[in-house]
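Reader: I should like to learn how strand pairing, burial and backbone angles are read from a model. May we work through one example together?

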Amino acid sequence: MKKAIAFALTLVLLLSLCATGFAAPLRASSQDAEAQINLIFQNFSACRQDDTNGVWFYTVTDLDHNGRLELLASAIQNNSLEPATMVWEMNADSSALQPCKLNTAGNEVFANILSDSAETYYDKDKDAWFYIIDDYYPVSGSEAYVLKNAVLLKDGTMDYGSLAYEYITSSGSSFMDTENKSLSAEEFNAIEDTVFQGSQKSGTYFEWFSAGYATQVSIFQDSYAVFTGDKAPSEDFAARRTYPKNFLTVTKNPTNENHIPGESAVFTAYANAYTKLQWGFVSPTGAEFTVDEFAINFPKSAISGSDSTSITIFNVSTDMSGWSAFCDFTDGNRTVRTNQAWLYVTSEKTVENVDEIFYTWFYDGAWVCPDCGNVCYGDYCPTCGFNLWEVWYEYYDDNAYIDMIEQYYVVDDSDNSDDIVVDIDEDTVSYYPSAQYDGGYEYDYDDDIQLMIDDDDYFVKSWSQLEDDWDLYD
């Protein structure tokens, strides 16, 4: 019997995979990601699966955020409607793909991962990312389970644990936790927030493609760009599952919206076999609001389409940033809820002191958002949507290091560890303790500049000040 149906594995076991202690999440630089994607593309034929028992789909991700990209493969088997899963990850030196282990036993089938999106929870204490994905498991024509699973990739092993499940019959639904204790529909809908209380919550999107489309490297690049949030998912994506004709299920989740004040945000969701829908909103504190209640909170905005599959918020404002939208679909007997999609509204302004943001994030595992002041972990601010890596790419990937120093500042080592040496040249920027560097204040007259940041002093100096202090051109 499937692990998920037996409910033998709970999050206690799944969490045991996570290492204690915390390491800051990483993300491959744009050049390194491009090189990895090219290698995945070149080796795709070796990973391609046989489509004789269901069509296989593929997506490029970095589920564990270790900077080493993965190729995920998933299919729904025609003869059983059960999922099949394969995962490969780049090795440590990004020279080859290596298969990941699926943590299953006996005849157990790994949980479904074929989804357009997943509500995502980052536990910074365990340095673990959990992706909530529903798994449909038919028993008969009138009986089925829908399971909420948390999927985890850690140290080359993919595992999952069941949070709760819905048992569906022709007469309706009942909800249970992993110990088979009854839940209300509301408790079931919020079970992931309960289990991962205190973790940073966000949304992750996946762009799946079949082997027939995997003929150009751009398909792989776009797939990864959707995962990182640098590209919106395809609007025509539909759930790659086969459901009974009258089975109520979400086929498209709404996606995040990024805007500046005054623009319009549109959230869209679809479902199979529904008779009624209802949109709702969640505040940054986690409180749920109806459409009318949301409108009362923001009287200068207008809303249309609250009874359709697309809802539009006109004239968005910065105080809406961090709110999220969801849609409930019902067929009269049961209700299904989409994943949340966040609205980020940021003013157009220049980020100040990019060095300070980067140092704090890189060394402390956290960074302070320059737009809203939220303390963040990972790639972006979940409150307002500020993307740390957009700044990183702009100032480092373009080899504009000197320009960056001219506009921003050099700051202290914020976590009070050893002195930090910043080695800037035309190809790379590296950071390491000064104990590993015995050159002191060294420089030359080309693009190679080395700056030492003293542990005891707080440097806030422009490039011109550094020129004067160090007599760089004497």
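Reader: How many bridges join β1 to strand β2, and in which sense do the two run?

Author: The model is a predicted one. Pairing is read from the bridges between two strands. Here, β1 and β2 (residues 70–76) run antiparallel and are joined by six bridges. Within this pairing, Val-60 has Leu-71 of β2 as its bridge partner.

Reader: With which residues does strand β13 pair to β1, and over how many bridges?

Author: Strand β13 comprises residues 209–210 and pairs with β1 over two bridges, in the antiparallel sense. Ser-210 of β13 is the bridge partner of Phe-57.

Reader: How many residues of strand β1 are buried?

Author: Burial is judged by relative accessible area, with under 20% counted as buried. Six of the six residues of β1 (residues 56–61) are buried, so this strand is largely enclosed by the rest of the structure. Its two faces are both covered: one carries Trp-56, Tyr-58 and Val-60, the other Phe-57, Thr-59 and Thr-61, all of them buried.

Reader: What is the sign of phi in Asp-155, and where is this residue found?

Author: For backbone angles, one notes the sign of phi together with the residue type. Asp-155, which is not a glycine, has a positive phi near 55 degrees. It is found in the loop between β8 and β9, and is exposed, at 66% relative accessible area.

Reader: What is the phi of Ala-273, and is the residue exposed or partly exposed?

Author: Ala-273, also not a glycine, has a positive phi of about 65 degrees. Its loop lies between β17 (270–272) and β18 (276–282). Ala-273 counts as partly exposed, with 29% relative accessibility.

Key: Residues are numbered from 1 along each chain as its sequence is written. This is a predicted model: local features need pLDDT of at least 70, side-chain atom pairs count only at pLDDT 80 or more; totals for chains, interfaces and linings use all residues. Side-chain values use heavy atoms; hydrogens and water are left out. Buried means under 20% relative accessible area, exposed over 50%, partly exposed in between (1.4 Å probe, protein chains only). Helices (H or I, at least four residues) and strands (E, at least two) are DSSP runs, numbered from the N terminus. Two strands pair if DSSP finds at least two bridges between them.
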